[in-house]
Structures are given as C-alpha cells and as structure tokens.
Amino acid sequence: MLKDRQASNLATESVPVLLERIESLESYVQELEENIRILKGALYGRSSERRPAEQIPGQMVLPFDGEQSDPLPKPVPAKSQVRGHQRRKPGRKPLPPDLPRVEKIIDLPADQKIDEFGRPLKCIGQVVSEQLCIKKAEIYVLREIRLKYAKVSDLPTPVGAPAEVRIPPAPPRIVPKGIASADLVAHVAIAKFGDGLPLKRQEDQFRRLGVKIGRATMANWLIIAATACSRLLDLLMEEILAGPVINMDETRIQVLGEPGRANTAMSYMWVCRGGRPGKPGILFRYEPSRAGRVPQEILGEYQGYLQTDGYSGYQVVGERPGIRHLGCWAHVRRKFVEVIKGTKGVGKATVAQEVVDSIRQLYAIEDQAREEGLTDEQVVALRDREARPVLDGLKALLDQRSRTTPPRSLLGKAVGYALSQWPRLTVYLEKGFLRPDNNLAENAIRPFAVGRKGWLFSGSPRGAWASAFFF
C-alpha cells in the first residue's frame, strides 16, 4: 500500500518538480561523498596541507578513494639561487666546553709497564675520549633551624616581669606551612607546562626517588603559586595592549566541577598575543564560554589592529570604533585544500588549486620582503605593486565561482567563506608590520594543545585558571 501511494504521488507531480528534486538529491549525495573523502583523508591521509608535488617534484597525487584521476596542473617551479657554503667536516659534534669534566685515568697494570728485559716503560702520551653522563635526580630535605635566645642573669627576675625569648622570624614560603620549597614548585610547573608531563607521571617519578607526593597536593601547590604571582598578569596585559596589533585565538578545554555544568561540557582557553615589536607578550585566559563578550572583556579599551580567524565571536569587538579587524589567509587556504582532498572531479579541484596557487604567490611576496629586509614603508609599496593585482584577480575568480557553484558543496563553502572574510583579508596591505595570517596566535596556543593531549582535562576551575597563568 505504501509503495502504491508513493508511486501515485510521483505520478501526479510534474516533470520540472521531479527534475528539481533529482537535482537536489544529486547535490546532497555529492555533498555526502565529499564529506566521506574528507573523513578518509583525516583517518588515512597526510595531516600536512602541502601537496606531495610541492615536496618532491614530479611525484603524482594519489586520490583518497583509490580511483584514477587526471593529474592536477603542476605549477612551473621558480628558479632560485643557492648560496655557496663550505662542507662541514664529518664527525661527531664536540660536547659543550662549559660542562664540568670528571677525569678517570685508565692505566696499564704494573706488570705490563715493563719490557721483556725488566726495564720500565715511559709514558709518551695519552688518548682522550669523552662520554656524556647524567646523575640521578636528587631530593634532599632542607632543615631550617631557628635559634632561640633568652636573658641570662644571676639576679632574680622581678615578680610579674615577662620572660623575654627572642627568635628570628621564619623565612617566607611560597606554600605557607607546606613542605614544598620554591624550587620544587618551579620544577613541578616546568615539567607540566613546559614539558607536557602530567602530574600523575610526576607522582610516579617522585615515588621512584623515594618520596610520596600526591598529584592533588602538587595541583594545590600550582594554584597557590599562580595566585601569589597573579599581579604579573596585569603587567603583562598592559604590555600587550600597548602594541599596535593583537592576535587572538581560542581552543577547547575540559574542566571538571564547573558550577551548573556537566563534566563533559567544553570550556575554552583564549590566547592573546601582542605588545611592542620584537618583544611580544602572550596571555592565556580560561573561560567557560565562547561568547563574544570574552574578547571584549580581554581587550577592554584597546584601539589598534586585531587579527583573528573567521569565528563570529570576534565580529562585535572587531567592528568597534578604533579597531581594524584583520582576517587570516591561512584559514582561507585550508578551506580550499579540503576541496582538493575531498573533490572527485578535476574541475572543482582545479579551481581550488588555482586559488591555492594565488595564495602561494601572496606568501612569496612576503618571503621576498623578509629576505630583503625591507622597512615597513617599503613592504607597503611592494604589496601595492605586486600583491594587490593578485588579490584583484583572486577576487574576480571567487565572484565568478560564487554564481555557478552550489553553496552546500565543499567548493561553495570555501568560496563563501573567502568572500565573507574578504574585507578583513586585505587589511594587512595597510601597514608593513601586519601579517597575512593569524599563525602567530596559533603558534602561541600550540604548547597548550600539545600538553592537553597528556593531561586531558583540568580538575577544577581554579586549576584551569592556574594552567592559563603558567602557560
């Protein structure tokens, strides 16, 4: 009955309606196939966004689905000059001369230091070889002994007179009344936030050294230390806000025990990079929310250039008077690289590759300015002369493809993203110290993302705040 009813409904629909439905279904199937290729690429393909042809000239590009496809047009490699250099002498690099040396004399036995006639042999030299050694980490206990003093007199003490005892005050400690010294807390902090070593593994290390220190205890040490040094955050933020440009980004963090939220809920770690040229400052801030109010609170009354990715949370603060909002060409390029990886046909991949090649030209101009050591004014002139024509051609290509590409396809999404960000993508042409991408913020947040793979989550909001402080 159901099949008969469906057949009757199809029979009553007109041919144009059926054709429109077929076209919609084909577009939906194509979208699903592209997503499947992207997932296959994430599971089994290269994580790098560079094509093999960029690394090994002449190597063909293999499709993810195992089917044959026409090779993409290969860009003509530009000629480059290689500077002359002297070939290094082969062999092991010498050990640093400032390291302490311990000499160990290896001598012959006494019976081998005489010849066959019983005459003693003469030492004529020595052969020296060096090995790099390490001592086992050593933990020791520092005993603070405060001497007490009192009056000594043969005369009787008057009735009611206080007995005076003098003792020096106890030295201040980073953990009041705790067993941890400042260098031990610093060691734990560097191991976790500098080397990505979770507190659980540090607990195992201390146990092997003969000391039992729980990870909850070490977590409390870090929170106390961060609270004691929290004034540094205000000074650091003042330096960041004093610079001409600020880069911002955010990444997820799982925090346990947040009020009114499940332990599986995702919070965010925000990063803010800025300051005087040549002396950048990096500030991390933990927030349970990803709302647009967070960057507004972080920036305060800042006025200058703000560079971010395309996340809509930065839009409100980016449109505030006194702020020039920059986009990120690296994110635009990433969208079109996904098109190349996930598209089956040559047509869309060719268009995406054309966009990627144009973006490569923009970065080649930036490399030229850096290698020649141009001033900011010279960089602006170089961009106006060489980068602006590339941008005009790229904008014309994107406008043309936006009218003929389905918006739900990978190529349509990439084109739509680039056009929506276009007013921000060209702001970097204004000043020579500006960059075409937000990679500085992404590089600043990478140590946190790498460490997160080891410790996975923060045990409390206070712990997440302390983590942001140390990072």
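These are legends for a handful of close-up views of one predicted model.

**View 1. The whole chain, for orientation.** The protein has 15 helices and 7 strands. Of its 471 residues, 32% are buried. Take the contacts with a separation of 6 or more, and 61% of them come from residues 24 or more positions apart.

**View 2. Helix α6 and its neighbours.** Helix α6 covers residues 215–228. Does its length add up, or what should 14 residues span at 1.5 Å a residue? The expected figure is 20 Å, and the end C-alpha atoms of α6 sit 20 Å apart, so the two agree. On the buried side of the ledger, α6 has Met218, Trp221, Leu222, Ile223, Ala225 and Ala226. What do they pack against? The partners of these buried residues are α4 (182–194), α5 (199–208) and α15 (461–470).

**View 3. Helix α4 against helix α5.** Two of those partners also pack on each other: the axes of α4 and α5 are 10 Å apart, at an angle of about 130 degrees. That angle makes the pair oblique, because it falls outside the perpendicular range of 65 to 115 and is not over 145. The crossing of α4 past α5 is right-handed. From α4, the contact uses Leu184, His187, Val188, Ala191 and Lys192; α5 brings Leu199, Gln202 and Phe206. Sorted by type, the residues of this contact come out as 5 nonpolar, 2 polar and 1 charged.

**View 4. Helix α12 against helix α13.** Here α12 (residues 376–402) meets α13 (residues 410–425), with axes that come within 10 Å and cross at roughly 130 degrees. So α12 counts as oblique to α13. Which hand does the crossing have, left or right? For α12 passing α13, it is left-handed. On the α12 side, look for Leu391, Leu394, Lys395, Leu398, Asp399, Arg401 and Ser402. Facing them from α13 are Val415, Ala418, Leu419 and Trp422. The tally for the contact of α12 with α13 is 7 nonpolar, 1 polar and 3 charged.

**View 5. Trp455 and what it touches.** Trp455 belongs to helix α14 (residues 439–455). Is Trp455 buried or exposed? With 8% relative accessibility, under the 20% cut-off, Trp455 counts as buried. Leaving aside residues up to four places away in sequence, Trp455 touches Lys192, Pro198, Ile253, Phe448 and Phe471. Pro198 is worth a second look: Trp455 and Pro198 are 257 residues apart in sequence, yet their C-alpha atoms are 5.1 Å apart in space. Lys192 turns up again too, having already appeared in the contact of α4 with α5.

**View 6. Lys177, a positive phi in a loop.** Most residues other than glycine have a negative phi. Lys177 goes the other way, with a positive phi near 60 degrees. Where is Lys177? Look in the loop between β2 (165–166) and α4. Lys177 counts as exposed because its relative accessibility is 87%.

**View 7. Leu456, a positive phi after α14.** Leu456 is not a glycine either, but its phi is positive, at about 70 degrees. Leu456 lies in the loop between α14 and α15. Is Leu456 buried or exposed? A relative accessibility of 54% is over the 50% cut-off, so Leu456 counts as exposed.

How values were computed:
Residues are numbered from 1 along each chain as its sequence is written. This is a predicted model: local features need pLDDT of at least 70, side-chain atom pairs count only at pLDDT 80 or more; totals for chains, interfaces and linings use all residues. Side-chain values use heavy atoms; hydrogens and water are left out. Helices (H or I, at least four residues) and strands (E, at least two) are DSSP runs, numbered from the N terminus. The expected span of a helix is 1.5 Å times one less than its number of residues. Buried means under 20% relative accessible area, exposed over 50%, partly exposed in between (1.4 Å probe, protein chains only). Contact means heavy atoms within 4.5 Å. Axes are lines fitted to C-alpha atoms, for helices over the stretch in contact, and angles run from 0 to 180 degrees between N-to-C directions. Angles under 35 degrees count as roughly parallel, over 145 as roughly antiparallel, 65 to 115 as roughly perpendicular and the rest as oblique. A crossing is left-handed if the near helix is turned anticlockwise from the far one by less than a right angle, and right-handed if clockwise. Ala, Val, Leu, Ile, Met, Phe, Trp, Tyr, Cys and Pro count as nonpolar, Asp, Glu, Lys and Arg as charged, and the others, Gly among them, as polar.
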